[in-house]
Amino acid sequence: MLEGLQMFVEGFIGFMRPKIIFDVLWATQLGIIVGMLPGLTATMGVALMTTLTFKMEASNAVLILVCMYVGAIYGGSRSAILLNIPGTPANAATAVDGYPLAKQGRAGRAIGIATTGSFIGSVIGMLMLAFFTPIIGNFALKIHSPEFTWLAIFGIVICGNLTAPKDPLKGWIAGFAGLFVAMIGMEGMHAHIRFAFGTVALSGGIALLPAMVGAFGFAEIITIMKHPKYEVVKTKIERVIPKFSDIKRYFKTIVRSGVVGTFIGAIPGVGEDIAAWVSYDMAKRSSKEGDKFGTGVVEGLIAAETGNNACVAGAMIPVLSLAIPGSAPAAVLLAAMFIHGIRPGPLIMLEFPEFVFQVVAMVLLASTAMLILGLSMVRTLVKVLLVPREKLMPIVFILCVVGAFAIQQRIFDVGVMVVFGVIGYYMREMDYPVAPLVLGIILGKILDDNLRRALTLSDGSIIPFFTRPICTVLAIITLLTIFSRMKWFQKLTGSVRSGIKAVFKGK
């Protein structure tokens with residue numbers, strides 16, 4: 001523990017340079033702007049920023065991306081409060097009580113409460129990130145190729161299950177389609193070219209970054225053109241810095257939402273929107289004003305914002321310890337780490353132990369910048385919402401093209417970006433989630449390498465995939481996750497629960 005604290009202090013002091021502090025401020029500010037503009041999501045912001053940090057030193061690049069991530073998740077609260085349009089999906093719960101507060105003329109108070117809750121949530125998540133990542137990382141050293149195979153499958157299943165709540169089959173289809181995309185090109189063991197269809201450009205595979213920028217960035221450009229214009233709530237921005245009495249009154253709700261948000265973030269594929277809704281629901285159930293939620297209750301607003309920002313640090317726990325993202329922006333962050341030569345996963349505590357605590361310091365710096373900028377530049381940033389989105393889209397398109405081309409300087413990658421943008425657009429039109437597709441591309445190599453390595457070590461036998469203890473647990477959890485969304489299984493479990501209740505009641 002003391003060694004970890006020492007590495008954290010060293011990492012924090014290492015970032016205390018004027019240039020790095022300037023990078024923290026502008027990246028967090030840009031993240032807030034990206035988050036507050038409807039249509040520019042945190043995932044797209046991190047993806048585009050990844051292309052611009054390609055030539056930077058690894059730690060500085062990841063710091064900028066973490067600042068973008070934290071700033072964007074918080075920034076979405078501005079448009080949720082003033083427009084009733086969540087800037088990112090993570091802020092949907094924020095709009096429920098934030099917008100009524102703005103309509104009542106308390107927009108400044110709502111923004112101040114949201115900012116403070118976001119900061120405290122990030123700090124709670126940061127503390128849990130520092131505590132749990134080394135523990136999970138040490139446990140993960142017991143995980144070998146068969147377990148990694150199941151982890152990759154589980155990541156796809158849980159992500160598809162939670163990002164497509166109406167029809168999880170669509171989420172699973174998207175995830176396994178991503179796994180197929182990852183199989184294109186030359187495989188690692190025997191250099192055999194797969195699914196290239198005689199095309200030289202495809203023999204190198206589909207690069208992650210162009211596909212990701214297209215699916216999240218270019219698809220947003222196409223989608224945003226269909227949306228109607230929005231109107232900002234015309235309200236005076238009064239006192240922004242919240243009263244200490246407000247924080248003290250809802251301190252229990254803040255801590256609970258921070259812990260819940262972090263744990264939900266640590267579940268692969270869940271994301272900040274689920275964390276916000278669960279935190280909001282728990283606050284509503286336990287509050288004395290639960291029946292008034294949705295009419296402008298401060299407790300509901302602070303619960304949602306604390307939960308979604310705590311989820312940011314929580315989502316980094318599986319990224320660092322297992323190389324499995326906890327959310328869509330975390331998936332992009334994971335890809336950026338690989339691009340910069342950092343290998344998250346079970347070996348990170350052996351290969352890059354100092355990097356884990358550098359990430360903790362990054363979250364603290366980003367959260368502090370978010371608090372300062374969030375409370376000091378309210379009136380200025382509100383004016384950004386008046387900029388028509390139609391004028392921003394050409395800029396975003398240029399960033400998509402430059403980002404896709406910059407990595408390998410291939411026009412083919414620009415084509416990949418466009419193709420995946422069109423695919424992402426039609427997936428959204430048909431209610432197929434895009435996040436599992438990108439997650440499948442990321443996990444595809446992990447699944448491919450570990451599946452074939454495990455089969456090689458077992459002489460082609462699949463028995464170890466089911467007999468090793470951790471494999472057995474992961475297999476059962478994966479199957480239960482699939483069965484839990486099937487009607488016959490839901491009826492069966494309902495009957496079992498009814499039978500158990502009847503036994504305990506003595507009937």
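**Entry 1: Arg410 and Asp413.** I began with the side chains of Arg410 and Asp413, which meet in a salt bridge with 3.0 Å from N to O. I note here that the model is a predicted one. I then looked up how far each partner is covered: Arg410 is partly exposed, at a relative accessible area of 24%, whereas Asp413 is buried, at 1%. I kept a general point beside this entry, that side chains of opposite charge can pair when their charged atoms come close.

**Entry 2: Glu187 and Arg452.** I next searched the whole structure for such pairs, and the search gave 8 salt bridges. One that I followed up joins Arg452 to Glu187, where the closest N and O atoms are 2.5 Å apart. This pair ties together distant parts of the chain, since Arg452 sits in helix H20 (residues 435-457) and Glu187 in the loop between strand S1 (185-186) and strand S2 (193-194), a separation of 265 residues. I looked up the cover of Glu187 as well, and Glu187 is buried, with a relative accessible area of 6%. I also found that Glu187 and Arg452 belong to a network of salt bridges that includes Arg194 and Asp448.

**Entry 3: helix H2.** I turned to helix H2 (residues 18-36) and checked its length: at 1.5 Å a residue, its 19 residues should span 27 Å, and the C-alpha atoms at its ends are 27 Å apart, so the two values agree. Within H2 I found a salt bridge between the side chains of Asp23 and Lys19, at 3.3 Å from N to O. Both residues lie in this helix, 4 residues apart, or about one turn. A general rule is useful here: an α-helix has 3.6 residues a turn, so residues three or four places apart point the same way. Is each partner buried or exposed? I read Asp23 as buried, because its relative accessible area of 9% is under 20%, and Lys19 as exposed, because its 56% is over 50%. I then listed the buried residues of H2, among them Ile20, Asp23, Val24, Ala27, Ile32 and Met36.

**Entry 4: cysteines.** How many disulfides does the structure hold? I looked for pairs of cysteine sulfur atoms within 2.5 Å, and the count comes to 0 disulfides. I also looked up the cover of two cysteines, and Cys311 counts as buried at 0% relative accessibility, while Cys471 is likewise buried at 0%.

**Entry 5: a nonpolar patch.** On the surface I came to a nonpolar patch of about 570 Å², made by Trp488, Leu492, Val496, Ile500 and Phe504. I picked out Leu492, which is found in helix H23 (residues 487-505). Leu492 is partly exposed, with a relative accessible area of 46%, and this value fits a place in the patch because patch residues need over 30%.

**Entry 6: the whole chain.** I finished with the protein chain as a whole, which has 23 helices and 2 strands. Its radius of gyration is 23 Å, close to the 23 Å that the globule rule gives for 507 residues, so the chain is as compact as a globular protein of that length. Along its principal axes the C-alpha trace spans about 70 × 70 × 50 Å. Of the 507 residues, 57% count as buried.

Terms used. Residues numbered from 1 in each chain as written. Predicted model: local features only at pLDDT ≥ 70, side-chain atom pairs only at ≥ 80, totals over all residues. Heavy atoms only, no water. Patch = residues over 30% accessible without salt bridge, like charges linked within 9 Å, V, L, I, M, F, W, Y side chains within 5 Å. Areas by Shrake-Rupley, 256 points an atom, 1.4 Å probe, with all protein chains shown as cover. Salt bridge = Lys/Arg side-chain N within 4 Å of Asp/Glu carboxyl O. Buried < 20%, exposed > 50% of the residue type's maximum accessible area, 1.4 Å probe, protein only. Expected span 1.5 Å × (residues − 1). Rg over C-alpha atoms; globule rule 2.2 N^0.38 Å.
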